[in-house]
Amino acid sequence: MGPRFSGFLISAMLFLTQLLSLTDGRDIGVCYGLNGNNLPSPGDALPALPEVLEGARGSGISLSMSTTNEDIQSLATDQSAADAWVNTNIVPYKDDVQFRFIIIGNEAIPGQSSSYIPGAMNNIMNSLASFGLGTTKVTTVVPMNALSTSYPPSDGAFGSDITSIMTSIMAILVRQDSPLLINVYPYFAYASDPTHISLNYALFTSTAPVVVDQGLEYYNLFDGMVDAFNAALDKIGFGQITLIVAETGWPTAGNEPYTSVANAQTYNKNLLNHVTQKGTPKRPEYIMPTFFFEMFNENLKQPTVEQNFGFFFPNMNPVYPFW
């Protein structure tokens, strides 16, 4: 039986806010970015992934939405701003839509807005409760550079400049039983250091463990990167927090020979098989929800690697067979 599909993680959405996720509690999703001037309309684009649509039919899809990074400070310092955001973006739809997560920004940690994220989370939670939406959970998304150390995985640790912030955020997540969202890109790690990171390790094609860390065997870089986050959470006393991969993928062009259709196809197919069947060495029993980046190539992103992560061209032809 094939993997079940959870839906779409949609960034830069033209309506609502910056980030929108359609999920029904399943394990696999696809990021749907709109940073292009030649993209099809969402109504035309969705049939490009019929398996996703069939999987979602009649399933009670829920949505997850994000604030923009630019909104974080005002949401943290002004309860009325948080109330207004919820009233504008959530309340009009609350009778028809089940909201799963409200996500405070995207990769705002580390950064100037980092210190405001706990306050923004609390104020949004207060607003949701006041509108009868207290069951909707609040979280945020962090990139790999939130870790000061990620190798070996057991040495994973948050940067000293954000440790107290991450501790505050984790305390909020625990109260809600909410996950932390992370963006994980083995491509960037491999392309930046191909001398020390093998392509087989990055593409899930190693036949023997490449890293053995405190008795745990790592056959692929993805698991090592995720478990570095798990180790970092352990170090601040929040190892019970679960993770969701909000973005991962491999570009087809822009930095040859590291980027290629063959590499992208191999990475994504092997990742799909991996995350739907097993967890990481440190969390083997946890089947981690994962969103693939991304549905379409986006021509307004930074050239040229960033423009070439899509499964589809804007004309809806596939970049390579996958779905």
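Buried means under 20% relative accessible area and exposed means over 50%, with partly exposed in between. With that scale in hand, here is a friendly tour of this predicted model. The stops are a nonpolar core whose largest example has 91 residues, a set of four salt bridges, and a few backbone spots worth a look on screen, including a cis peptide bond between E256 and P257.

**The nonpolar core**

- The largest nonpolar core is built from 91 residues.
- I124, F158, M166, M170, L180 and F222 are the residues with the most contacts inside this core.
- Helix α9, which spans residues 221–235, makes the biggest contribution to the core, giving eight residues.
- If you would like one residue to start from, try M166: leaving aside residues up to four places away in sequence, M166 touches I109, V142, F158, L180 and I236.
- Two of those partners, F158 and L180, are also on the list of residues with the most contacts inside the core.

**Salt bridges: D234, R283 and K282**

- There are four salt bridges in the structure.
- One of them pairs the side chains of D234 and R283, with an N to O distance of 3.3 Å.
- D234 sits in helix α9, while R283 sits in the loop between α10 (261–275) and β14 (290–293), so this pair ties together parts that are 49 residues apart in sequence.
- R283 has a relative accessible area of 23%, which places this residue in the partly exposed class because the buried class ends under 20%.
- D234 is partly exposed too, at 33% relative accessibility.
- The pair does not stand alone, as D234, K282 and R283 are linked in a network of salt bridges.
- Helix α9 is thus worth a second look: this helix gives the most residues to the largest nonpolar core and also carries D234.

**Salt bridges: two further pairs**

- D95 forms a salt bridge with K94, and their closest N and O atoms are 3.6 Å apart.
- D95 is exposed, with a relative accessible area of 66%, whereas K94 is partly exposed at 32%.
- K301 and E298 form another salt bridge, in which the closest N and O atoms lie 3.5 Å apart.
- Both K301 and E298 are buried.

**Cis peptide bonds**

- E256 and P257 are joined by a cis peptide bond with an omega of about 5°.
- You will find P257 in the loop between β13 (243–248) and α10.
- Another cis peptide bond runs from P303 to T304, where omega is near -15°.
- T304 belongs to the segment after β14.

**Positive phi angles outside glycine**

- E107 is not a glycine, yet its phi is positive, at about 55°.
- Look for E107 in the loop between β5 (98–103) and α5 (117–130).
- E107 counts as partly exposed, with 34% relative accessibility.
- M316 is another residue other than glycine with a positive phi, here near 75°.
- M316 is located in the segment after β14, and its relative accessibility of 31% makes this residue partly exposed.

Methods: Residues numbered from 1 in each chain as written. Predicted model: local features only at pLDDT ≥ 70, side-chain atom pairs only at ≥ 80, totals over all residues. Heavy atoms only, no water. Core = buried A, V, L, I, M, F, W, Y, C linked by side-chain atoms within 4.5 Å. Buried < 20%, exposed > 50% of the residue type's maximum accessible area, 1.4 Å probe, protein only. Helix = DSSP H or I, 4+ residues; strand = E, 2+ residues; numbered from the N terminus. Contact = heavy atoms within 4.5 Å.
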